[in-house]
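Welcome! Here are some short exercises, each followed by a solution worked out in steps. Have a look at the structure first, then try each task before reading on.

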Amino acid sequence: MQPFKITCNQYNIAYYCTRYQCLNGNSQKLAFRYIGHKGDSCDYSFEDLDGQSNRYANLLTQLGIKKGDIVFTFLPKMPEQFFAFLGILKTQAVAGTLYSNFGEEALADRLGDSRAVAVITKKSLLKKLMRALPQLEHLKYILVVDGTENDEKALALPPMLSNASDKFEVSVTGPDAPSVLHYTSGSTGKPKGVQHVHKSILTQSYTAQHVLNLQDEDFYWCTADQGWVTGTSYGIIGPWALGVSQLHYGGAYNAETWMELLENEGITKWYTAPTALRMLMREDKKIFKRFSLNKLHYIFSVGEPLNPEINLWAAEVLGKEVYDTWFQTETGSIMICNRPGIKIKPGSMGRPIDIIEAAILSEGGRPCPVGETGHLCIKTPWDSMLTAYLNNEAAFNEKIKNGYYYTGDMAFCDEEGYYHFVGRNDDVINTAGHLISPFEVESTLLEIPEIAESAVIGAPDELLFEKVVAFIRLKDHVVWTDDLELKIRIFLSNRLSSIATPQDIRLIEEVPKNKSGKIMRRVLKAWYMGEDPGDISTMDI
Amino acid sequence: MMNTFEQLNAIFCKVFYDDDIKITRETTSEDVDGWDSLSHLNLVVSVEKHFGIKFNDAEIAKWKNVGELMDSLEQLIQQKQH
């Protein structure tokens, strides 16, 4: 396969994923096969992808959306997700994506902070969006992909799209023009908008080719939702920049269905998550004997550390190795990985890709010796790195110091140059590959009238890597009941998302805080794990 | 008074925060936004509490649609009455 190359100073991501492919002989090649949860299937060529995304670009332009405006998709995995995302980028507006499981508070935080001017969604998600609407003063348009008629708040897309031209000339877009926006959680404050630029396509296509090993003839499946960075970097940009055909499946996890898809569709490269692989590990091994995966060359995973047991299981049951990859929303593409061509070291993150420089730095910013744990950092700049946390320069400056991006992960490097994840240096919870802010969950818990105080931590979990655990103090005279617990769970599920809902809720007499009022999550975690909490001299008793 | 299916529908509306949900026996998790493996637990516990029954874990894992959930529920309600 030819390496990806920029032509005529055009950096526009959507141009390379669509028009460029058509101009290079791929117009009739399959861009993606969409299979819905009921098994319904539809194929789209690169010409289709180009034409459909052009319709979105024309419509958005007619509505007055212009370069630099922020437009979100709030959709599950469906063809319109891809057309809309690429259409937004073609206009040089910024394409944000929202996980379709987000509740009204999660939506209000993200759409409000970004001052988004439009959201593209579907009818069944409108209610959640409408509940957030009073807080969204900048939002001009709600565009509904399956809408049938306009009302005062939402416009039906199908009739408007059918009148829009399928031709659109993408203006020359510079390397540093803002492109994709994803929100990520920190341990303090609201979620932060991670801004990327169009030249990220260079690193995304490089890693798609040299790490995921994508080739012209591949049929590739990335299971990530487009609400997360993996879903855009490797479910859209990387593979389509290379003209690779993809499967997009709109259904949920089901072991037999997934195995059928891998076999029947002849998937050759598969990118998934450790939690999904751990769920497969729990299934009866007999299931896997019914399927032949001889077309599948490689399995890759991302999201959380891949435990060595998964590699042992995959070798025995699937007859395959699993290559673990590491990256973050902020890095925009894979940075450190196990990959074909180098020996897998089970349990390690792998080695840095050739085009970046990783380092383990001490508290004082000096390189740590081999085997010593320190801050995992990436030397700046690289093409897919974040360029800003939207409206939050202070947070950005905290992460970039002396020419290094501090990832927030603690790790060490061994004598063979493999990196090993040790933990986070903050309180962010990684549950099934999704980062959850304890602050966000704590704040939402406090909206429940019965709760006086709350604190949230992440605790190790065999399936999810980490689970969300909440400690709450009830207001005086409130009695803890099963009904109240259920009420809390349902409230969090609908206000934030089901993934942010605690797996375990514990009552506590008082939330431990230091003398300046900061929640001492480290102490709670030690209590929860039955460990010594260590120095508690700063605790306000 | 609401029949069992109507009561079940009301529980769906409460759990998924949407008064317009209209379930049928053929409804699956793919048809209701937000019905995933995590929120499924909220649904199961809500049904158990409302009807005063307890599902068997193996049974829960086998449900493919609302109809199968309903069959399990009716069986447990009958057992409770006898």
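**Exercise 1: The nonpolar cores**

The largest nonpolar core has 90 residues, and within it Phe32(A), Leu49(A), Ile120(A), Trp240(A) and Tyr271(A) touch the most other members. Keep in mind that this is a predicted model.

Task: Find which helix gives the largest share of this core, and list what Ile120(A) is in contact with beyond its neighbours within four places in sequence.

Solution:
- Step 1. Go to helix 4 (residues 79-90) of chain A, which supplies the largest share of the core, seven residues.
- Step 2. Now turn to Ile120(A). Leaving aside neighbours within four places in sequence, its contacts are Tyr56(A), Val71(A), Phe72(A), Thr73(A), Phe74(A), Leu75(A), Ala84(A), Ile88(A), Leu143(A), Val145(A) and Leu157(A).
- Step 3. Another core, of 45 residues, lies apart from the largest one; Phe72(A), Leu107(A), Ala116(A) and Val119(A) are among its members.
- Step 4. For background, nonpolar side chains tend to be buried together in soluble globular proteins.

**Exercise 2: An open sheet**

Task: Work out in what order the eight strands of the open sheet in chain A are arranged, and which are the edge strands.

Solution:
- Step 1. Reading across the sheet, the order is 7-6-5-3-4-8-9-19, and the pairing is mixed.
- Step 2. Strand 7 (155-156) and strand 19 (388-389) of chain A each pair on one side only, which makes them the edge strands.
- Step 3. Look at one pair inside the sheet: strand 3 (residues 70-74) and strand 4 (residues 94-98) of chain A are parallel and share five bridges. In this pair, Ile70(A) is opposite Val94(A) of strand 4.
- Step 4. Add the helix that packs on the sheet: helix 5 (residues 104-114) of chain A touches strand 3, strand 4, strand 5 (118-121), strand 8 (178-184) and strand 9 (192-197). The direction of helix 5 makes about 160 degrees with that of strand 3.

**Exercise 3: Following strand 26**

Task: Trace the chain through strand 26 of chain A and find how many bridges join strand 25 to strand 26.

Solution:
- Step 1. Begin at strand 25 (residues 451-461) of chain A, which runs antiparallel to strand 26, with 10 bridges between them. Ser454(A) faces Ile472(A) across this pair.
- Step 2. The link from strand 25 to strand 26 is a hairpin of three residues.
- Step 3. On the way to strand 27 of chain A, the chain passes through helix 16 (residues 482-495), giving a right-handed β-α-β crossover.
- Step 4. Strand 26 and strand 27 (residues 504-507) of chain A run parallel, joined by four bridges. One bridge pairs Val469(A) with Asp504(A).
- Step 5. Check the surroundings: eight of the 10 residues in strand 26 (residues 465-474) of chain A are buried.

**Exercise 4: A lysine in a loop**

Task: Decide whether Lys345(A) is buried or exposed.

Solution:
- Step 1. Locate Lys345(A) in the loop between strand 15 (336-337) and strand 16 (351-352) of chain A.
- Step 2. Its relative accessible area is 17%, and buried means under 20%, so Lys345(A) is buried.
- Step 3. Beyond its neighbours within four places in sequence, Lys345(A) is in contact with Asn338(A), Asp414(A), Glu416(A), Tyr418(A) and His420(A).

Methods: Residues are numbered from 1 along each chain as its sequence is written. Chains are lettered from A and ligands numbered from 1 in the order in which they are written. This is a predicted model: local features need pLDDT of at least 70, side-chain atom pairs count only at pLDDT 80 or more; totals for chains, interfaces and linings use all residues. Side-chain values use heavy atoms; hydrogens and water are left out. Two strands pair if DSSP finds at least two bridges between them. Helices (H or I, at least four residues) and strands (E, at least two) are DSSP runs, numbered from the N terminus. Contact means heavy atoms within 4.5 Å. Axes are lines fitted to C-alpha atoms, for helices over the stretch in contact, and angles run from 0 to 180 degrees between N-to-C directions. Buried means under 20% relative accessible area, exposed over 50%, partly exposed in between (1.4 Å probe, protein chains only). A crossover is right-handed if, with the strands pointing away from the viewer, the path from the first strand over the helix to the second runs clockwise. A nonpolar core is a set of buried Ala, Val, Leu, Ile, Met, Phe, Trp, Tyr and Cys residues joined through side-chain atoms within 4.5 Å.
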